[in-house]
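Colleague: Could you take me closely through one part of this model, the loop residues with unusual backbone geometry, and then set that part against the rest of the chain?

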Amino acid sequence: MSKLSVTNHNRNVTGLTYVYPVISRRAGGLSIGINFNPNNACNWRCIYCQVPDLKLGSAPEIDLHLLEKELRLLLDDVLNGDFYERMEVPNEQRVIKDIAIAGNGEPTSLNKFDEAISLIGNIATELGVFPNSHFVLITNGSLIHREVVQAGLKILHDFGGEIWFKMDSATNEGRAFINHSAQKNEAVLKNLTLASHICETKIQICLVDYQRQGFLETERAGFLDFLTQIRAATPIQNVTIYTLARPSHQPEAIDLTAMPFEIMERFGQEIRALGFNVNVTK
Ligand code: SF4
């Protein structure tokens, strides 16, 4: 049993509906995760997705009172309680690195997306978590054309937040295969442009090796071509390349392995040559 599944009857901060703590050694501290998709529903089905029992769909109606209660409970436990002691977090990692909206599905499919962003931002500001900690939205970016999403992104921007925009392929065929998304490059570019003009946006590329085919040349060329267009059309500067860290929960899991680091690093160099800052993580 991991430390983070240890619960306390009065202050059970690990069995909540919308809010969960993650101690990240890599990030060097605590991340407060927010899950708008307790129903495990997403409008995509990425072959590397680690959400168990993933379903096609949207986030359910949110109970904003419960979100508020849970966020206050966890933040109070971290800031004023013995959370770090109970979880045996080393002293140097006793810091809230970020509040990350990263659920078991696509968070921007939430009806009250703007209200939820506002609530989280206000609570974190009131409790002194912002502006020191980051406010991050992890999204597949497919719903940014919706007004309620853009309204939420404006609020995210007002709290100094940033968008991590998933882009695992830059070809229509690759996206259909990896993400089970019918979205075309034109729509992705439109949404990236919209997002990045509202709020700081970073591109996240997850490269997986399917059936040991390595990194396909069509995919590599597609990325470089599309990233060149993105460079010209948007203010985006940062790209992160990463690979499978934990096993997929999808039927394709058996055929997936992590992309070799050397391949990701070489690809990263090519993206740097286009003028982006690139971070390659194992
Ligand atoms: S967008 Fe995220 S939650 Fe949705 S299927 Fe892909 S990895 Fe899973």
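**Loops with unusual backbone geometry**

Modeller: D53 is exposed, because 9 other C-beta atoms lie within 10 Å of its own, and residues with 12 or fewer such neighbours are counted as exposed. The model is a predicted one, and in it D53 has a positive phi of about 50 degrees although it is not a glycine. D53 sits in the loop between strand 3 (41-42) and strand 4 (55-56). Several residues numbered in that part of the chain belong to the surroundings of the ligand, whose shell includes C46, C49, V51 and L54. The rest of that shell consists of C42, W44, R45, G105, E106 and N140, and by class it holds 6 nonpolar, 2 polar and 2 charged residues.

A second residue of this kind is E88, a residue other than glycine with a positive phi near 50 degrees. E88 is found in the loop between helix 2 (83-86) and strand 5 (96-101), and it is exposed, with 9 other C-beta atoms within 10 Å. A further backbone feature is the peptide bond from F130 to P131, which is cis, with omega near 10 degrees; P131 belongs to the loop between helix 3 (113-126) and strand 6 (134-139).

To set these loops in the whole, the chain has 8 helices and 12 strands. Its radius of gyration is 19 Å, close to the 19 Å that the globule rule gives for 282 residues, so the chain is as compact as a globular protein of that length. The C-alpha trace spans about 55 × 40 × 35 Å along its principal axes, and buried residues account for 36% of the 282 residues. Of the contacts between residues at least 6 apart in sequence, 78% join residues at least 24 apart.

In the interior, the largest nonpolar core has 69 residues, of which I34, I99, A116 and I241 touch the most other members. Apart from its neighbours within four places in sequence, A116 is in contact with F36, I62, L64, L67 and L110.

Among the helices, the axes of helix 4 (residues 147-158) and helix 6 (residues 185-198) come within 9 Å and cross at roughly 35 degrees. Helix 4 contributes Q150, L153, K154 and H157 to this contact, and helix 6 contributes L194, A195 and I198, a set that divides into 4 nonpolar, 2 polar and 1 charged. Further along the chain, E265 lies in helix 8 (residues 261-272) and counts as partly exposed, with 13 C-beta neighbours inside 10 Å.

Notes. Residues are numbered from 1 along each chain as its sequence is written. This is a predicted model: local features need pLDDT of at least 70, side-chain atom pairs count only at pLDDT 80 or more; totals for chains, interfaces and linings use all residues. Axes are lines fitted to C-alpha atoms, for helices over the stretch in contact, and angles run from 0 to 180 degrees between N-to-C directions. Helices (H or I, at least four residues) and strands (E, at least two) are DSSP runs, numbered from the N terminus. Two residues are in contact if their C-beta atoms, placed from the backbone, lie within 7 Å. Ala, Val, Leu, Ile, Met, Phe, Trp, Tyr, Cys and Pro count as nonpolar, Asp, Glu, Lys and Arg as charged, and the others, Gly among them, as polar. A residue is near a molecule or strand if its C-beta atom, placed from the backbone, lies within 6 Å of it. The radius of gyration is taken over C-alpha atoms; the globule rule is 2.2 Å times the number of residues to the power 0.38. A residue is buried if 20 or more other C-beta atoms lie within 10 Å of its own, exposed if 12 or fewer, and partly exposed in between; C-beta atoms are placed from the backbone. A nonpolar core is a set of buried Ala, Val, Leu, Ile, Met, Phe, Trp, Tyr and Cys residues joined through C-beta atoms within 7 Å.
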